[in-house]
Amino acid sequence: MQTDRKIIKWVSAELFFVVSVISSVMFGVFSAAISHDFHLSPSTLGWLSGIFFIVYALAQFYSGRLFVLFPAWIIMSSSALIAALGALVFANCSSIGLVFLARILLGVGLASTFVGVLYIVQKNFAAASFPMMSSLSQSSANFCAAIFGFFAGSVHNYHASFNFLALLLLICSLLSFLFIREKSTTASSLKQAQATPQLSMLSTVSLIIRNPQVWLAALYFSGLFGAVLTFADLFNVSYQVQAFHLSFNTASIINSMIPLGLTCGGLLCGYWAQKIKNYVFPARIMGALTVAMFSLILFVKFESAFAHVIIGVVSFLFGIGCSGSILAFQCLQENISDERLKPMATSFVLTFTYIMSGMVEQPTVGDFIARTQLKVMNHAAG
């Protein structure tokens, strides 16, 4: 019975995380339609995506602290409501100002999803099962995102999609309220909580940033998952259409191979690290695979009747490589002994990654695309 309750808690938290990942993929899939409706340049589109990740990162950073101070159900239920409001605004707005407001609301609302699901895993499952459970959490979300991306090419109405997203988020809020909350608090657990001294925000941050393993985890996760955020979740569909002259449907299917690779690779990473009781070696292999496959995507044009199939396979392998990013959190689990610091350390790694993506990578790539297109047009005119 106790095990069933733990699984139900995890499923409730996981559904919220799944919906948040689908939301990110959804924006990338519909970015061309959104740009057309609001007359956005690639640079503005990059900032529209970037503002989400900036707000997401800042809210996510403090969410690790909130999970220590408040019950998880309060944070996750209220966050899902805020995100639902953002999705409704995005689906029904008619001005660029409201679009930016909607992205901000979505960023605030979805910020607690990954921290939340890892917190539920940490609190409800044995430490030995953390690599597999954390990988399963990420892989399940990526699999659902891949399924969505596979069929998204046939859905051109982003208004209906974001209205449906709002409905899913309301369901997530209700499930968090019903199943993640504790029905009672035992006297022993209350006594233990009162006896445990609370660290101040400044002390918590200070202890985290002085740990070199936290910085290594942040750099590793930022390198692998940052590539997914910038490439797969924003620019890849339009890149495949322009660079390889593929149809929107074909490009969407190819893009879905990346989260599918993340799904398979995540399960492989979790099982591999748990089996050999070592996360470092799998992390190195996945990092090398990511660099090799991304180099093929960017620098090799396959002259073949089956080029789109080859690109799909390379994208799948790229996703497998990027799945190694989940091992950054195993690094935190093994190198941070104080349970009070782990949620905040998770938030720090995620915040570092999303700030790098939102403030540096996505606007820079969007600006580079805009400048490259301008040069091509000027050359053609000359």
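**Entry 1: His39 and helix α2**

I began with His39, which sits in the loop between α2 and α3 (42-69). The model I am reading is a predicted one. I looked up the backbone of His39 and found a phi near 55 degrees, a positive value in a residue that is not glycine. His39 comes just after α2. I then asked whether His39 is buried or exposed. With a relative accessible area of 71%, His39 is exposed.

I turned next to α2 itself, which covers residues 31-38. Which of its residues are buried? I noted Ser31, Ile34, Ser35 and Phe38. Viewed down the axis of α2, these buried residues fall within an arc of 100 degrees, so they line one face of the helix. I recalled that an α-helix has 3.6 residues a turn, so residues three or four places apart point the same way.

**Entry 2: Lys277**

I found a positive phi of about 55 degrees at Lys277, which is not a glycine either. Lys277 belongs to the loop between α12 (248-276) and α13 (280-299). I recorded Lys277 as exposed, because its relative accessibility is 76% and exposed means over 50%.

**Entry 3: Charged side chains**

I asked how many salt bridges a search of the whole structure finds. The search finds one. Lys342 pairs with Glu339 in a salt bridge, and the closest N and O atoms are 3.1 Å apart. I checked both partners for accessibility. Lys342 counts as buried, at 8% relative accessibility, whereas Glu339 counts as partly exposed, at 41%.

I then examined Glu14, in helix α1 (residues 2-29). Glu14 is buried yet has no salt bridge. The nearest side chain of opposite charge is that of Lys9, 15 Å away. What does Glu14 contact, leaving aside its neighbours within four places in sequence? I listed Val117, Leu136, Ser137, Ser140 and Ala141.

**Entry 4: Confidence**

I looked up the confidence last. The protein chain has a mean pLDDT of 82, and 87% of its residues reach 70 or more. Confidence is highest in helix α4 (residues 72-92), at a mean of 94, and lowest in helix α9 (residues 187-195), at 45. Over residues 184-195 the pLDDT is below 50, and this stretch has one contact in the model beyond near neighbours in sequence. Over residues 374-382 the pLDDT also stays under 50, and I found zero contacts there beyond four places in sequence. Where pLDDT is low, the predicted coordinates should not be read in detail.

Conventions:
Residues are numbered from 1 along each chain as its sequence is written. This is a predicted model: local features need pLDDT of at least 70, side-chain atom pairs count only at pLDDT 80 or more; totals for chains, interfaces and linings use all residues. Side-chain values use heavy atoms; hydrogens and water are left out. Helices (H or I, at least four residues) and strands (E, at least two) are DSSP runs, numbered from the N terminus. Buried means under 20% relative accessible area, exposed over 50%, partly exposed in between (1.4 Å probe, protein chains only). Lys and Arg count as positive and Asp and Glu as negative; His and the chain ends are not counted. A salt bridge is a side-chain nitrogen of Lys or Arg within 4 Å of a carboxyl oxygen of Asp or Glu. Contact means heavy atoms within 4.5 Å. The arc is that of the directions from the helix axis to the C-beta atoms. pLDDT is the predictor's confidence in each residue, from 0 to 100.
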